[in-house]
Amino acid sequence: MKMKDAAVVAVVTVLVLAACLSNEFVEGFRYYSKAHGYLMSFIKFAVLASFGECLALRIVTGTYWSPTFGLCAKMVVWGILGIIIKLAFTVFATGAPNILASFGFDISSATLATGGFAERLATAFVISVSLNSIFAPVMMTLHKITDGHIHLYGGKISSLLIPIDMSSRFKEINWNIMWGLVFKKTIPLFWIPAHTITFLLPPDLRILFAAMLGIALGVILAFANLSAASKAPA
């Protein structure tokens, strides 16, 4: 571990401990998460998921930032995706329990708050499977497209004002890696279990936990990039 890595670990540790040990912070966080849910979702993903991308860059290139990385642009994109993810969480947490209800189980969206552990676990699992089977691939693909667009314009924040050439960015995606690693392996082995845990949490903590998982997404995508690079022809 280099000095810069030790510094990052130290800063993150101090911030996490300060947040966890401060009752005022916890109460304030929960209040604003309820009162301004979409704004808080934007901030959580803009900060945490972008930090995950910085970790990804560190894994791939050995540095946390570069002039063409486009950190500001990525933060805006992740913030918007955070709002979309919160919307998706609401839709699937409300609608997916009806799948179990249609098979005769006494399950509803209220089960996550009032049911026993087995009922809550089954409900959270069905929500996670539905979310990751239907929404997650679309979200990951959209992120890949916006990422390619930002890189095309040298990471400049002004790239967000330029219309995306969806066809070209879509064709640039390495689908052997996107499907073979990101979709086929990480969704069933990581994201479905992780989001099952997410939906067992209180509603005001779900988006925070999901945003923290964005750090893991950055690392996963980093390994996907490394795998793509190693398989590219010399």
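Let's start at F45, which has contacts (heavy atoms within 4.5 Å) with S50, W78, G82, I85, I207, A210 and A211, leaving aside residues up to four places away in sequence. The model is a predicted one, where local features need pLDDT of at least 70 and side-chain atom pairs count only at pLDDT 80 or more, while totals for chains, interfaces and linings use all residues. Residues are numbered from 1 along each chain as its sequence is written, and side-chain values use heavy atoms, with hydrogens and water left out.

From F45 we can step out to the largest nonpolar core, a set of buried (under 20% relative accessible area, 1.4 Å probe, protein chains only) Ala, Val, Leu, Ile, Met, Phe, Trp, Tyr and Cys residues joined through side-chain atoms within 4.5 Å. This core has 40 residues, and F45 and M140 touch the most other members. At least two residues each come from α3 (37-61), α4 (71-95), α7 (117-152), α9 (175-198) and α10 (203-231), the helices being DSSP runs of H or I, at least four residues long, numbered from the N terminus. The top contributor is α7, with 10 residues.

Now for the empty space. On a 1 Å grid over the protein atoms alone, a cavity is a set of points where a 1.4 Å probe fits but cannot get out, and lining residues have an atom within 4 Å of a point. There are two cavities of 30 Å³ or more, and the largest has a volume of about 160 Å³, counted as the space filled by probe spheres set on the points, which are joined across faces, edges and corners. Of its 16 lining residues, F45, I85, M139, W191 and H195 lie nearest the centre. Two or more lining residues come from each of α4, α7, α9 and α10, and α7 gives the most, with six.

Methods. Buried means under 20% relative accessible area, exposed over 50%, partly exposed in between (1.4 Å probe, protein chains only). On a 1 Å grid over the protein atoms alone, a cavity is a set of points where a 1.4 Å probe fits but cannot get out, and a pocket is an open set with protein on both sides within 12 Å along at least five of seven lines; lining residues have an atom within 4 Å of a point.
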